[in-house]
Amino acid sequence: MVNDNDRLIRHAGIDRLFHWVTAATMTVLLATSLLPIVGIRFAWYQVHWIAGIILTVAILLHVIRVLFWQRLRTIMLRTADLSGKPAGKYTAAQKLMHLGWSVAVLVGIVTGLFMMMKAGVPFLARDPYVYSLQAWGVLTLLHDLAALLSVFLILVHVYFAILPEKRAYLRAMVSGWITRKELRSGHDLDRVARGD
């Protein structure tokens, strides 16, 4: 007999570490970029680009892990996810949130790496003239839009994480486990077992 209170591993320790490193670096990046705008002055630039490098390395390691040790299809949005049937490992909403984060973070990283050439960092010679003024404007606009999208996604993410009916997911992101009963409420356990 299968006990509904059996604990199932939802997130491995390495995945939880990635999540919380990403959360910490995103918090630092947003604080160092937005606080000076509202009048809180401090030496933010060095902290900002260091957090950006940490985030970039974490994302690269995560992509390598997903491509070689996990099943990419578990997070890919498919038409079957919109059918109303119980989900696999991730619901359609979770997959859409991941897609939104992917866009925001990748745009922020790519534009941030280009912008480092303008402002200068210890390992890269400063050259504000490598691109035209118009190109710098586009890079800055895209970087700022990625930041605004990130603020929105953080608010949505935190809101849903603290809802009583979603707290099992929050606990799973802290402890790694979820009960069979909690998972069964919105997921097809056979699809989860297949890595769907």
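Rings of Phe, Tyr and Trp, the last by its six-membered ring, count as a pair if their centres lie within 6.5 Å; planes under 30 degrees apart are stacked, over 60 edge-to-face, and the rest tilted. I start there since the rings come up early.

This is a predicted model, in which local features need pLDDT of at least 70 and side-chain atom pairs count only at pLDDT 80 or more, while totals for chains, interfaces and linings use all residues. Residues are numbered from 1 along each chain as its sequence is written, and side-chain values use heavy atoms, with hydrogens and water left out.

First, the rings. By the rule I gave, the protein has six aromatic pairs. One of them joins Trp 44 and Tyr 45, edge-to-face, with 5.8 Å between centres and 85° between the planes. Both residues need a word on burial: buried means under 20% relative accessible area, exposed means over 50%, and partly exposed is in between, with a 1.4 Å probe and protein chains only. Trp 44 is partly exposed because its relative accessible area is 31%. Tyr 45, at 26%, is partly exposed as well.

Another pair is Tyr 131 with Trp 136, again edge-to-face, at 5.3 Å centre to centre and 80° between the planes. Is Trp 136 buried or exposed? Trp 136 has 4% relative accessibility, so it counts as buried. Its partner Tyr 131 has 30%, so that residue counts as partly exposed. Ring pairs also bring in Phe 114, so that Phe 114, Tyr 131 and Trp 136 are linked into a cluster.

Next, charges over rings. The criterion is that NZ of Lys or CZ of Arg is within 6 Å of the ring centre and within 35 degrees of the ring normal. Which residues sit over Trp 177? Arg 7 lies over the face of Trp 177, 3.7 Å from the ring centre. The charged end of Arg 171 is also over the ring of Trp 177, at 3.9 Å from its centre.

Arg 7 comes up once more. Its C-alpha atom is 9.1 Å from that of Lys 181, although the two are 174 residues apart along the chain. Lys 181 is in helix H6, residues 180–184. Helices here are DSSP runs of H or I with at least four residues, strands are runs of E with at least two, and both are numbered from the N terminus. Lys 181 is exposed because its relative accessible area is 54%.

Now helix H1, residues 13–34, which holds Phe 18. With a relative accessible area of 19%, Phe 18 is buried. Contact means heavy atoms within 4.5 Å. Setting aside neighbours within four places in sequence, Phe 18 is in contact with Ala 58, Ile 59 and His 62. The C-alpha atoms of Phe 18 and Leu 61 are 8.9 Å apart, with their positions 43 residues apart along the chain.

Val 21 is in helix H1 too. At 29% relative accessibility, Val 21 is partly exposed. With the same neighbours left aside, Val 21 is in contact with Ile 54 and Ala 58. Ile 54 is 33 residues from Val 21 along the chain, and their C-alpha atoms are separated by 8.5 Å.

Leu 148 is in helix H4, residues 133–162. Where does Leu 148 stand relative to Ser 102? The two are 46 residues apart in sequence and 14 Å apart in space, C-alpha to C-alpha. Leu 148 has a relative accessible area of 54%, so it is exposed.

Last, the whole chain. The protein has seven helices and two strands, and from the N terminus the elements run β-α-α-α-α-α-β-α-α. Its C-alpha atoms fill a box of roughly 70 × 30 × 30 Å along the principal axes. Of the 196 residues, 34% count as buried. Among contacts with a separation of 6 or more, residues 24 or more positions apart account for 67%.

The accessible surface is about 12400 Å², and 71% of it belongs to carbon and sulfur atoms; the area comes from the Shrake-Rupley method with a 1.4 Å probe, and for residues only the protein chains shown count as cover.

For charge, Lys and Arg count as positive, Asp and Glu as negative, and His and the chain ends are not counted. Each charge is placed at NZ of Lys, CZ of Arg, CG of Asp or CD of Glu. The protein has 21 positive and 11 negative side chains, with the centres of the two sets 2 Å apart.
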